Amino acid sequence: MAAVQSARQKALNRAAIAVVLVATVVYLVPIYWITSTAFKPRALATTVPPTVLFKPESTAFIKLFTKRVQMIGEVDPQVYEKAPWWEQRIYALGERFIKDANGNIELSAYPNRFFNSLVIAVASTFLAVAMGTLTAYGFSRFRMPGEQDWLFFILSTRMLPPVVVAIPMFLMYRVVGLVDTHVGLIILYTAFNLSFSVWLMKGFLDEIPKEYEEAALVDGYTRMEAFFKIVLPQAATGIAATAVFCFITAWNEYAFALMMTNRRAQTAPPFIPSQLGSGITDWTAIAAGTVLFLLPVAIFTFLLRKHLLRGVTFGAIRK
Amino acid sequence: MLSTLDPGSPAARRGLSDISIRNLFILPTIAFLIVFNIFPLIYSLGYSFTDFRASFNAPAHFVGLQNYRDLLHDEHVWNNFSVTAKYVLLSVGGQVLMGFGVAMLLNRRIPFKGLITTLLLLPMMMSMVVVGLFWELLYSPSWGIVDYALHLEDFDWLSNPNVALYAIAITDIWMWSPFVMLLCLAGLSAIPQHLYEAAAIDRASRWYTFTRITLPLVTPLLLIAIIFRTMEAFKTFDLAFIMSTQETTELIAIKLYRLAFQEWQTGQSCALAYMVLIMVLAITNIYVKYLNRVKER
């Protein structure tokens, strides 16, 4: 900003700040709305006019994790008294939990899908980042015939539309029995994230002065030792940022999961909307599932904020 | 970036040679990508010349270019492409306007700027499915807050064939404008302040300063944002698939999915996949060229 500002400029500046603040608030309304819906009593979720003030409750989350049926008649007051608070909530809605022979509450499919998402995202992130870091180091420090072409080839695999890859992959997976398995999705997500991880890591590794390794080589380290003991610790921040990006991509992925899984290895993204079709839509439970699903992404975005620009441009632009 | 040591030095003779380390590090990745990305594509190129249907056990017959010919003569497919083009124009256009505008506003000293930027970036990190889902809640005709805020009673955004595509594009704009904003902001903050000071001394008009200093210096990054978003919008599947089942919102990726996994026209879907693939690779090529150009600066 110029040192001397005219009164007009100051007024313009104030106006701009006001617009930004208002726009930010408006912009965040959808996120606020889905979050608040998760904590609303069901009757208040779909009111006209929309309910803004309400007493938040956790019923939607209890419903999200359990299987329930409509009850015929009233619950026995003695049973009600003995039940824990979360079961009382359900009784109060005129429903009861479905229990197995031992009296254990049967869980809904949600925790299972959430767990699938977690396993698949973590495993594929680990593989993609490990392979990507090595490959990026290779490209960063050594000369390779046709280097730019290889890098373009690697990047172009990332740009393939998932549906295009999924059709032949589905046919191949069917032959080898990988349809609807964790391993099948882990392989797909690793391949999908690998190119990203190579490009991003190459950017980070290029920034580490090669003099560090050369000093280590002179001191009697082998190239391998220099890589593991000198370069990797230096690249820790970059590796962490790359891992978070890969995790978020795998965590959010929908198209592959929709086409390659249906039950056993299904992840949360295809599962959450599938609840919409079944019977009367309970938006509070869907919102609860969505909020839980978004929570890790929100936390990671906050941690990543310094590296977002680099991540979204495949490491090309640094700040 | 070459840092190979003098081959005669003692350091270079210990351990694995640089060449073998390079190959050890790079080749597995390339092999992995060939096996899981390129090989399937060759496989599907073969199927694109057959009448194979994955739901039947009937063997595939070679039909030559018949699938491609059928697709090019299919009005529905042309409609899918024109819907996709319209969607790309709407959503990328909206994102550029919003993203650039907000970046101009944010490019000054603002309280809580870091926090505001992070909050604005949140939606683009979210799953498209989840975003589509909760916008469905917002667009709901009887009690959605969009209709309430705009005083439109019972206006059905997503079931109305004329409006659904716009509604989806608005959601996409909401989600991805911050991406354009982030890149523009990076471009804007890199403009040296002395250029503006010189312009002020010369009493250049605001418009002149904007078109001669701001715009040319932001353009390279803005172009990257535009090409990248064009490519992504062209491939859009999740968002439109979740939000609407209208024919007017059937993007090419959705058509491809239906053809392959609902109608089980495997051979034909492979042919369509190849048409889409060639277009995507063309855009990718342009994108990488720009990326490298900006990187060199």
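How do the axes of helix α1 (residues 7-38) of chain A and helix α15 (residues 283-304) of chain A come together, and at what angle do they cross? In this predicted model, where local features need pLDDT of at least 70 and side-chain atom pairs count only at pLDDT 80 or more, totals for chains, interfaces and linings use all residues. Residues are numbered from 1 along each chain as its sequence is written, with chains lettered from A and ligands numbered from 1 in the order in which they are written.

The two axes come within 7 Å and cross at roughly 115°; axes here are lines fitted to C-alpha atoms, for helices over the stretch in contact, and angles run from 0 to 180 degrees between N-to-C directions. Helices (H or I, at least four residues) and strands (E, at least two) are DSSP runs, numbered from the N terminus. The crossing of α1(A) past α15(A) is left-handed, that is, the near helix is turned anticlockwise from the far one by less than a right angle, clockwise being right-handed. On the α1(A) side, Ile34(A), Thr35(A), Thr37(A) and Ala38(A) do the touching, and their partners in α15(A) include Trp283(A), Ala287(A) and Val291(A). Contact means that C-beta atoms, placed from the backbone, lie within 7 Å. Six nonpolar, four polar and no charged residues make up this contact; Ala, Val, Leu, Ile, Met, Phe, Trp, Tyr, Cys and Pro count as nonpolar, Asp, Glu, Lys and Arg as charged, and the others, Gly among them, as polar.

Over in chain B, there are 13 helices and zero strands. The C-alpha trace of chain B spans about 80 × 75 × 30 Å along its principal axes. Its radius of gyration is 25 Å, against near 19 Å for a compact globule of 297 residues (taken over C-alpha atoms, with the globule rule being 2.2 Å times the number of residues to the power 0.38). Within this chain, helix α4 (residues 75-106) and helix α8 (residues 164-189) have axes that come within 6 Å and cross at roughly 40°. That makes α4(B) oblique to α8(B), the label for whatever is not under 35 degrees (roughly parallel), over 145 (roughly antiparallel) or 65 to 115 (roughly perpendicular). The contact of α4(B) with α8(B) holds 21 nonpolar, five polar and two charged residues.

As for the two chains together, 81 residues of chain B contact 87 residues of chain A. Helix α2 (residues 18-47) of chain B supplies the largest share of chain B's side, 16 residues. That side has 61 nonpolar, 11 polar and nine charged residues.
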